[in-house]
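User: I'd like to learn how to read a few features off a model like this one. Can you walk me through it?

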Amino acid sequence: MKRHAKYRLMVVRREMMYVHDEFDHSLTLVEMEGEPIEYQPGVAGKFVSRRSVTFHDRIRGNGKMMGYAITTFEHGAIYSKFEGERDAKEGVTKGTWTIYKGLGKLSTIKGSGTFVVTAGEKDREYIITIDGDYEL
């Protein structure tokens with residue numbers, strides 16, 4: 001099945017350290033919570049929460065990122081991992097995601113796809129658009 005969703009993500013915690021091997025090279029650990037903007041309930045029912053933890057390795061705003069997300073619904077949850085690349089000039093992060101575990105009505109789920117993250121309108125706000133395929 002095809003799936004499309006869009007979430008508003010808010011940074012709830014961010015820890016950044018500079019590497020000091022070249023100008024503006026930093027490692028950042030970010031925790032975010034999200035809520036749906038565009039979302040259709042599936043077999044697991046209504047959305048409850050979304051939380052992600054992401055590691056960024058950037059030089060002058062460009063670089064790789066990887067992390068994990070837990071999306072919880074009324075009757076199940078999805079655990080996914082993702083990785084991507086940020087382009088500071090465009091202000092966009094693009095990448096791929098894969099489900100590695102499901103609970104409840106989603107215990108047999110398998111899926112993967114792509115995502116795009118852009119800045120939101122508020123400070124510490126981001127918008128993630130997710131597309132992909134899954135099967136139960």
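Analyst: Sure, we'll take the pocket, the salt bridges, a buried residue and some backbone angles in turn. Keep in mind that this is a predicted model.

User: Let's start with empty space. What is the volume of the largest pocket?

Analyst: The general idea is that rolling a probe the size of a water molecule over the atoms shows where empty space is left. Here the largest pocket comes out at about 960 Å³. It has 49 lining residues, and the closest to its centre are Leu9, Arg50, Phe82, Ile128 and Ile130.

User: Which strands supply at least two residues each to that lining?

Analyst: Strands E1 (2-18), E2 (25-38), E3 (47-59), E4 (62-73), E5 (76-87), E6 (92-104), E7 (110-119) and E8 (125-135) each do. E1 gives the most, with eight residues.

User: And how do the lining residues divide into nonpolar, polar and charged?

Analyst: The lining of the largest pocket has 26 nonpolar residues, 15 polar ones and eight charged ones.

User: On to charges, then. How many salt bridges does the count come to?

Analyst: First the idea: side chains of opposite charge can pair when their charged atoms come close. In this model the count comes to eight salt bridges. Take Asp133 and Lys2, whose closest N and O atoms are 3.2 Å apart. Asp133 sits in strand E8 and Lys2 in strand E1, so this pair ties together parts that are 131 residues apart in sequence.

User: Are Asp133 and Lys2 buried or exposed?

Analyst: Asp133 is partly exposed, at 38% relative accessible area, and Lys2 is exposed, at 69%. The cut-off for exposed is over 50%, which is why Lys2 gets that label.

User: Which residue does Lys6 meet in a salt bridge?

Analyst: Lys6 meets Glu38, at 3.8 Å from N to O. That one links distant parts of the chain too, with Glu38 in strand E2, Lys6 in strand E1 and their positions 32 residues apart. Glu38 is partly exposed, with a relative accessible area of 34%, and Lys6 is also partly exposed, with 23%.

User: What about Arg13, which partner does it have?

Analyst: Arg13 forms a salt bridge with Glu31, the closest N and O atoms being 3.3 Å apart. Again the ends sit in distant parts of the chain: Arg13 is in strand E1, Glu31 in strand E2, 18 residues apart. Glu31 is buried, at 13% relative accessible area. There is a network as well: salt bridges with shared partners join Arg8, Glu35 and Glu125.

User: How about Thr71, buried or exposed?

Analyst: Thr71, in strand E4, has 9% relative accessibility, so it counts as buried, the cut-off being under 20%.

User: Which residues is Thr71 in contact with, leaving aside its neighbours within four places in sequence?

Analyst: Its contacts are Tyr7, Phe47, Ser49, Arg50, Gly76, Ala77 and Ile78. You've met Arg50 already, among the residues closest to the centre of the largest pocket.

User: Last one, the backbone. Where is Asp24, and what is its phi?

Analyst: As background, most residues other than glycine have a negative phi. Asp24 has a positive one, near 60°. Asp24 lies in the loop between E1 and E2 and is partly exposed, at 28% relative accessibility. Arg124 is another residue other than glycine with a positive phi, near 70°. Its place is in the loop between E7 and E8, where Arg124 is partly exposed, with a relative accessible area of 32%.

Notes. Residues numbered from 1 in each chain as written. Predicted model: local features only at pLDDT ≥ 70, side-chain atom pairs only at ≥ 80, totals over all residues. Heavy atoms only, no water. 1 Å grid on protein atoms, 1.4 Å probe; cavity = no way out; pocket = protein on both sides within 12 Å on 5 of 7 lines; lining within 4 Å. Points joined across faces, edges and corners; volume = space filled by probe spheres on them. Helix = DSSP H or I, 4+ residues; strand = E, 2+ residues; numbered from the N terminus. Nonpolar A, V, L, I, M, F, W, Y, C, P; charged D, E, K, R; others polar. Salt bridge = Lys/Arg side-chain N within 4 Å of Asp/Glu carboxyl O. Buried < 20%, exposed > 50% of the residue type's maximum accessible area, 1.4 Å probe, protein only. Contact = heavy atoms within 4.5 Å.
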